[in-house]
Each structure stands twice: as structure tokens, then as C-alpha cells.
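Here is a quick tour for anyone meeting this structure for the first time. Have a look around, then read on.

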Amino acid sequence: MSDADHRRWLAQAVDLALENLRAGGRPFGAVLVKDGVVVATGVNRMLATCDPSSHAEMEALRQAGPALGTVDLSGSVLYASGHPCPMCLAAAVMTRVAAVYYAFTNSDAEPYGFSSAAAYAALGVRTDPAPLPLKQLDVPGRTAADLYGG
């Protein structure tokens with residue numbers, strides 16, 4: 001797939017995050033794509049469920065398993081509005097997601113209190129090198145302030 005294809009799916013994840021923010025949730029969205037088809041989406045539901053594991057990426061992964069009839073998500077790509085936290089990255093690795101693309105970095109999210117860098121540091125988890133391809137792409141027309149500052 002081209003960067004344009006990846007940006008299209010990534011824009012969908014950011015749009016989900018913005019919709020979730022407008023609905024009173026946290027500003028995170030995720031889309032899981034396999035063979036060019038959306039398999040599952042998710043938004044951060046921590047506030048709605050009082051479940052600290054209810055991150056957008058986890059919600060998408062939770063939906064993908066039943067949709068595909070397996071926990072082996074080989075060949076799928078996960079698109080996230082923000083850099084995945086260690087829990088979400090671990091779940092992507094454990095389910096054999098092929099790659100993760102994200103729109104906003106931890107540095108972008110830090111001024112708004114949404115960075116997961118401290119969790120990475122506390123756990124001693126490194127993303128360089130990443131355990132799977134982990135790539136940041138910009139989403140034209142969207143900024144971190146649009147998402148996190150809303």
C-alpha cells in the first residue's frame with residue numbers, strides 16, 4: 001500500500017477520535033485493516049466503561065478477533081490516532097499485527113496530558129527498534145491541537 005492509502009485509513013482513525021471526543025470520550029480512535037478492508041474500529045471507552053484497558057486499539061483488536069474468527073491477525077495493519085501505549089503495542093505484537101501507523105507522537109500529545117512516554121519509561125520498554133513496523137504519518141488538515149486540545 002502507498003502512503004496515501006495509509007493516510008486514508010489513518011484519517012479515519014483520527015475522525016473516530018474526534019467523534020469520540022465530541023461525545024464526551026477521550027480523543028483516541030483506531031482502525032484495523034486487512035487486505036484493504038476495514039475489519040474493526042475502536043474508540044477509547046475508558047470513561048464510559050471505567051475500564052483502564054478500554055483503549056481504542058484494544059477495542060479494535062477485541063472486535064477483530066470475532067470478526068475474523070481468530071486471534072491471529074497476521075497481515076492486518078492497525079491505524080491509531082496517537083502513538084500506541086505499551087499495552088496496545090504489546091497486544092498488536094501478540095496478535096501478529098503486521099504494522100502500526102499512527103498520526104500523533106507522544107511529543108505531540110504531551111502538552112495536553114495524553115503522552116504514553118512515561119509508561120514506556122516506567123516499564124523500560126523501547127520502541128527503537130520497535131517490535132513491529134511502527135510508523136508515524138501526518139494527516140493533512142489535522143493537528144494535535146485539533147485532537148487533544150478540543
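## Surface and charge

The chain has an accessible surface of about 7100 Å², and carbon and sulfur atoms account for 54% of that. Keep in mind that this is a predicted model. Of the chain's 150 residues, 45% count as buried.

How far apart are the mean positions of the positive and negative charges? With 11 positive and 14 negative charges in the chain, the two mean positions lie 3 Å apart.

## Overall build

In terms of secondary structure, the chain has 7 helices and 5 strands. Starting at the N terminus, you meet them in the order α-β-β-α-α-β-α-β-α-α-β-α. The radius of gyration is 14 Å, close to the 15 Å that the globule rule gives for 150 residues, so the chain is as compact as a globular protein of that length.

The C-alpha trace spans about 35 × 35 × 35 Å along its principal axes. Now take the contacts between residues at least 6 apart in sequence: 60% of them join residues at least 24 apart.

## Salt bridges that link distant parts

A search through the whole structure turns up 6 salt bridges. One of them pairs Lys135 with Asp3, with 3.5 Å between the closest N and O atoms. This pair ties together distant parts of the chain, since Lys135 sits in strand S5 and Asp3 in helix H1 (residues 3-22), 132 residues apart. Buried or exposed, or something in between: which is Lys135? Lys135 is partly exposed, at a relative accessible area of 35%, and Asp3 is partly exposed too, at 33%.

Another salt bridge joins Arg96 and Asp72, and here the closest N and O atoms are 3.5 Å apart. This pair also links distant parts of the chain, 24 residues apart: Arg96 belongs to the loop between helix H4 (86-94) and strand S4 (99-104), while Asp72 belongs to the loop between helix H3 (56-68) and strand S3 (76-82). Arg96 has a relative accessible area of 51%, so it counts as exposed, because the cut-off for exposed is over 50%. Its partner Asp72, at 28%, is partly exposed.

## A salt bridge within one helix

Arg8 and Asp5 also meet through their side chains in a salt bridge, at 3.7 Å from N to O. Where do these two sit relative to each other in helix H1? They are 3 residues apart in that helix, so about one helical turn separates them. Arg8 is partly exposed with a relative accessible area of 46%, and Asp5 is partly exposed with 25%.

## A look at Thr127

Thr127 lies in the loop between helix H6 (117-123) and strand S5 (134-136). Its relative accessibility is 30%, so Thr127 counts as partly exposed.

Which residues does Thr127 touch, leaving aside those up to four places away in sequence? The contacts of Thr127 are His83, Leu89, Tyr120 and Leu134. You can also look across to Pro86: it is 41 residues from Thr127 along the chain, and the C-alpha atoms of the two are 9.2 Å apart.

Definitions and conventions: Residues numbered from 1 in each chain as written. Predicted model: local features only at pLDDT ≥ 70, side-chain atom pairs only at ≥ 80, totals over all residues. Heavy atoms only, no water. Helix = DSSP H or I, 4+ residues; strand = E, 2+ residues; numbered from the N terminus. Buried < 20%, exposed > 50% of the residue type's maximum accessible area, 1.4 Å probe, protein only. Contact = heavy atoms within 4.5 Å. Salt bridge = Lys/Arg side-chain N within 4 Å of Asp/Glu carboxyl O. Rg over C-alpha atoms; globule rule 2.2 N^0.38 Å. Areas by Shrake-Rupley, 256 points an atom, 1.4 Å probe, with all protein chains shown as cover. Lys, Arg positive; Asp, Glu negative; His and termini not counted. Charge placed at Lys NZ, Arg CZ, Asp CG, Glu CD.
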